[in-house]
Amino acid sequence: MKQDWLDKETGISILYALPFLAHAMALTPLITFIPGFYSGEHGLPLQLVGAIIFAARLFDIVVEPTVGILSDRTRGPLGRRKSWILAGLPILMLGCWMVFAPPVKVDALYAGFWITITFAAFNVLDTPYKAWGAELSRTYMGRARVAGWREGFGSLSGLLALILIFIMQQSGSEGLSDTMFAMAVAFVIGMPILFAITLTLVPEPPIEDLHIQPPTLKESFKVIGENKPFMMILGGLGVLMAGGIIGATLHIIVMEKYFDARKLFPIILGSESIAGILSIPLWLWLAKRIGKHRAMAIGVMWMAVWSAPIPLLKPDDDMLYAACIIIRGFGGGALAVLIGAMIADVVDIDTLKTGQARNGLYFAMVGMLGKIGIAFGALVGTTLPTLFGFQTANAVNSPEALFALLVTYAWVPMVIMGLAAPFFWFYPLTEQEQKRLRFEIERKLQAKAEA
């Protein structure tokens with residue numbers, strides 16, 4: 001059974017990763033377009049939109065760990081992960097439609113309600129889905145390859161989303177409304193089709209249960225707190241996401257208001273996505289040689305360094321700006337591929353202590369902290385430039401306001417991302433240690449089977 005599973009690993013990984021081909025049709029607008037869409041085209045103050053996103057992400061602090069814990073404990077004919085994916089998918093489709101293609105005039109109440117619903121539904125689907133992926137391989141590099149297929153398809157999805165944006169622009173579409181509508185249509189059609197294939201053809205692996213007395217809630221959190229590699233992931237990823245989202249929130253605003261290059265948006269970000277896709281084999285190769293954690297640290301520093309020149313560019317330096325973004329994209333492949341595999345590794349430590357494979361809980365906690373980082377990043381990204389007089393609705397902003405926009409967009413994330421690198425460089429769970437953990441788990445599972 002085990003050998004049969006390993007022989008099918010590549011094919012299973014590809015089938016599992018298929019839904020991420022539609023992933024960016026929701027994620028790209030949620031992260032990149034919402035601030036500009038609701039402030040520029042619906043008249044909400046930019047700082048209000050940032051506050052709404054911040055509040056919605058804080059609500060995720062309750063939703064995400066709850067979903068993670070419940071998905072770990074769910075038993076039934078559909079499986080513990082598939083049940084939650086099926087529950088979250090229709091709500092996410094509805095939420096994306098209401099956020100991207102609002103049928104009524106948007107006010108703060110409408111935006112707050114549907115953005116919160118959409119983020120919550122995303123968690124109901126995404127946390128079990130990623131936990132499921134972590135269970136598809138038990139090996140150090142096998143887990144990286146599963147994550148590589150998923151995130152590679154995610155990057156390809158981002159490219160498809162940007163091609164759609166380019167097509168909309170070439171068709172004469174002005175503003176974000178038509179583009180957001182097209183994204184909504186692509187998502188609600190593509191996502192259920194792709195998930196139908198995955199849920200039908202990819203099985204859930206057997207649940208690892210070492211038959212140890214389950215820990216109490218207090219004991220459970222103690223085990224998590226004592227899991228040093230996991231705590232380092234939490235610290236590094238929280239800082240990294242906060243920095244990255246500051247820049248992502250301001251992407252389209254910087255292109256439009258400073259470089260006057262809004263029409264280049266799909267080309268620049270599409271090229272960045274291609275760079276990320278092309279870099280995935282390189283990061284897997286490097287991870288095999290120096291460890292996933294150190295490859296991750298190098299990727300983080302790469303992204304930080306290539307943000308440095310941007311505030312020094314003139315408005316007509318749009319090609320130099322594009323070069324910085326595209327070259328920076330090579331570092332994004334490290335984050336996409338390696339972090340999910342590292343989370344799967346730290347769960348092995350927990351499994352030995354608790355007797356249960358609690359991937360859902362661990363991915364939920366990482367996601368929860370990441371959401372706090374995202375909320376912080378969105379709040380800083382939408383608030384800091386306004387303190388220096390920048391407003392999206394202004395036809396003309398002062399040079400001081402535009403420079404504050406660029407500093408917030410590039411230098412603030414650069415410093416924050418640089419602070420994340422040591423968390424990954426000094427991360428202690430190596431391939432040799434992971435093999436030892438898996439040996440102990442397999443030995444205990446064998447002893448249980450023979451008892």
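User: Which helix holds Ile163?

Analyst: Ile163 sits in helix H7; a helix here is a DSSP run of H or I with at least four residues, a strand is a run of E with at least two, and both are numbered from the N terminus. This is a predicted model, in which local features need pLDDT of at least 70, side-chain atom pairs count only at pLDDT 80 or more, and totals for chains, interfaces and linings use all residues. Residues are numbered from 1 along each chain as its sequence is written, and side-chain values use heavy atoms, with hydrogens and water left out.

User: Why is Ile163 called partly exposed?

Analyst: The relative accessible area of Ile163 is 41%. Buried means under 20%, exposed means over 50%, and partly exposed is the range in between (1.4 Å probe, protein chains only). The 41% falls in between, so Ile163 is partly exposed.

User: What makes Leu156, Leu160, Ile163, Phe166, Ile167 and Ile267 a patch?

Analyst: A patch takes residues with over 30% relative accessible area and no salt bridge, joining like charges within 9 Å and nonpolar side chains (Val, Leu, Ile, Met, Phe, Trp, Tyr) within 5 Å. Ile163, at 41%, is over the 30% limit. The six residues named form a nonpolar surface patch of about 470 Å², an accessible area from the Shrake-Rupley method with a 1.4 Å probe, where for residues only the protein chains shown count as cover.

User: Which helix gives the most to the nonpolar patch?

Analyst: Helix H7, residues 140-170, does so with five residues.

User: How do you know that Asp348 and Arg143 form a salt bridge?

Analyst: Side chains of opposite charge can pair when their charged atoms come close. The cut-off for a salt bridge is a side-chain nitrogen of Lys or Arg within 4 Å of a carboxyl oxygen of Asp or Glu. The closest N and O atoms of Asp348 and Arg143 are 2.8 Å apart, so the pair is within the limit and qualifies. This pair links distant parts of the chain, with Asp348 in helix H13 (residues 318-354) and Arg143 in helix H7, 205 residues apart.

User: Are Asp348 and Arg143 buried or exposed?

Analyst: Asp348 has a relative accessible area of 2% and Arg143 one of 5%. Each value is under 20%, so Asp348 and Arg143 are buried.

User: What makes Lys288 and Glu431 a salt bridge?

Analyst: Their N to O distance is 3.2 Å, which is within 4 Å, so the pair meets the criterion. Lys288 lies in helix H11 (residues 265-290) and Glu431 in helix H16, so the bridge ties together parts 143 residues apart in sequence. Glu431, at 19% relative accessibility, counts as buried, while Lys288, at 45%, counts as partly exposed.

User: Why are Arg438 and Glu442 said to be about one helical turn apart?

Analyst: Because they are four residues apart in helix H16, their separation is about one helical turn. They also form a salt bridge, with closest N and O atoms 3.0 Å apart. Arg438 is buried at 7% relative accessibility, and Glu442 is partly exposed at 30%.

User: Which residues are linked in a network of salt bridges?

Analyst: The network joins Arg143, Lys292, Asp345, Asp348, Arg438 and Glu442. The whole structure has 15 salt bridges.

User: Why is Ala344 called buried?

Analyst: The relative accessible area of Ala344 is 1%, which is under 20%, so Ala344 is buried. Ala344 belongs to helix H13. Its C-alpha atom is 9.2 Å from that of Ser137, although the two are 207 residues apart along the chain.

User: What puts Lys444 in the partly exposed class?

Analyst: Lys444 has a relative accessible area of 30%, between 20% and 50%, so the label is partly exposed. Lys444 lies in helix H16, residues 431-450. Lys444 and Asp209 are 235 residues apart in sequence and 9.4 Å apart in space, C-alpha to C-alpha.

User: Why does Val185 count as partly exposed?

Analyst: Its relative accessibility is 27%, so Val185 falls between the two limits. Val185 is part of helix H8, residues 177-201. From Val185 to Ser157 the C-alpha distance is 14 Å, with their positions 28 residues apart in sequence.
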